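Thanks for making time this morning. I would like to take you through the salt bridges of one protein, and I will begin with some overall numbers before turning to individual pairs.

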Amino acid sequence: MTVAPAGTVAPAGTVTVPEGWEPGAFKARVDQVLHRFAAEEADQLTVIDGSLGPVADAVETAVADGKRLRAAFCYWGWRAAGQPDSDALVRAAASMELVHAAAVVHDDLIDDSPLRHGRPTAHLALREAVRDHPEPALAARSLAMLAGDLLMSMAGQLFVTSGLPAAYLGRARPLWAALARELVAGECLEILHTGAAAPDTAVSLKVVRYKTAKYTVEQPLLIGALLGGAGERLRAGCSAYGLPLGEAFQLRDDLLGLFGDPALTGKDGSDDVRGHRPTALLAETWRLAGEEDRARLRTLLAAGAETRTADKADSPDTTDTADTQTSTADTAAAVRDVMRRLKAPDRIEAMITARVEEALRALDELELPGPAATALTGLAHSAAVRRS
């Protein structure tokens, strides 16, 4: 694969793709890279010892599904910098999905989430591998944590072996450190503010920015642009577009987490209530609520926390009993009722709309090449207007 330096015409032999944005075709390219890379890593793991098979399976499962939005933003940051299509760049972009896979495994572990893409999360799926362990639930959680660590290591490995010239990779290396630091900071902030007696929208939005927005849109886009030799104006534009759009993405995720169809989201719709997480949706509900509704919310969130504690205390064989599931579902339904009555979901919808509009204004000001402008416009809508 020949890669043309920024500002030059692609030489003969460079692989090109149609100028139109074809999300399905791009996703297939990224999937192929990820599935092959994860399979190779899984094989190397089981060569060490066959008993590592379940951990290897967890690694492969973690990358099996996904919209591949982060890879797409990285790719179009590169194209926005005037670079041609490149298989090496697609490999580098795919590494963004391994960062996401690592974050998801760790996040599900921290939140004690039972489902992801409609399947048991890693820390639950791994219980079978340690059923004879004195503390199987704890052992499975430990294995999941280590699988997440391995996925983050794999992300760096795929990036540096992507096939891009070392000089290109060097441009983006400082941002890799910032990406990891800020992602960890966001996760820590969520933990520190979970269960807050008085949810605060400003705090929630800060969690949104660092836990999700930056590594979902802004940083992948910037990494792609930096790899392509972007100047200061394009880099500033990437941030001006990426940050509000990343926030819109997570705000939509918060809405879907509680009001979406679990059959489409593949997640447990009561997770945020059980975990009393500091979402902007909860913070806006609290802001709009009077004393009576706040008292009601305190009671419901306390009930959700008690259910979560009871779940953790149960053995693997009794967790998620019918009674527990009913209790949790009823509590989540009651919280939804309060939110709807106060029109908190409408407030979040307005925040999403405002952020998408801000992102698109920033995009217009950049005057990008047609294909990049079209793709990034489409990605803005698909990131913020979705059902899963």
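Of the 388 residues in this protein, 52% count as buried, and I should say at once that we are looking at a predicted model. The accessible surface comes to about 16900 Å², and carbon and sulfur atoms account for 55% of that area. In terms of secondary structure, the protein has 16 helices and two strands. If we take the contacts between residues at least 6 apart in sequence, 79% of them join residues that are at least 24 apart.

With that background, let me come to the charged pairs. The structure holds 22 salt bridges, and I will go through a few of them.

The pair I would like to start with is arginine 277 and aspartate 111, whose closest N and O atoms are 3.6 Å apart, a separation that counts because the cut-off for a salt bridge is 4 Å. Arginine 277 sits in the loop between helix H11, residues 271-275, and helix H12, residues 280-288, while aspartate 111 belongs to helix H4, residues 87-111, so this salt bridge ties together parts of the chain that are 166 residues apart in sequence. As for their surroundings, arginine 277 is buried, with a relative accessible area of 9%, and aspartate 111 is buried as well, at 7% relative accessibility.

Next, what does glutamate 284 pair with? Its partner is arginine 347, and the closest N and O atoms of the two are 3.0 Å apart. Here again distant parts of the chain are linked, since glutamate 284 is in helix H12 and arginine 347 is in helix H15, residues 344-366, with their positions 63 residues apart in sequence. Glutamate 284 counts as buried, at 2% relative accessibility, whereas arginine 347 is partly exposed, with a relative accessible area of 33%.

A further example is the salt bridge between aspartate 293 and arginine 341, for which the closest N and O atoms are 2.8 Å apart. Aspartate 293 lies in helix H13, residues 291-313, and arginine 341 lies in helix H14, residues 322-342, so the pair ties together parts that are 48 residues apart in sequence. Aspartate 293 counts as buried, because its relative accessibility is 14% and the limit for that label is under 20%.

Finally, there is a case that goes beyond a simple pair, in that Lys27, Asp31 and Arg68 are linked in a network of salt bridges.

Methods: Residues numbered from 1 in each chain as written. Predicted model: local features only at pLDDT ≥ 70, side-chain atom pairs only at ≥ 80, totals over all residues. Heavy atoms only, no water. Salt bridge = Lys/Arg side-chain N within 4 Å of Asp/Glu carboxyl O. Helix = DSSP H or I, 4+ residues; strand = E, 2+ residues; numbered from the N terminus. Buried < 20%, exposed > 50% of the residue type's maximum accessible area, 1.4 Å probe, protein only. Contact = heavy atoms within 4.5 Å. Areas by Shrake-Rupley, 256 points an atom, 1.4 Å probe, with all protein chains shown as cover.
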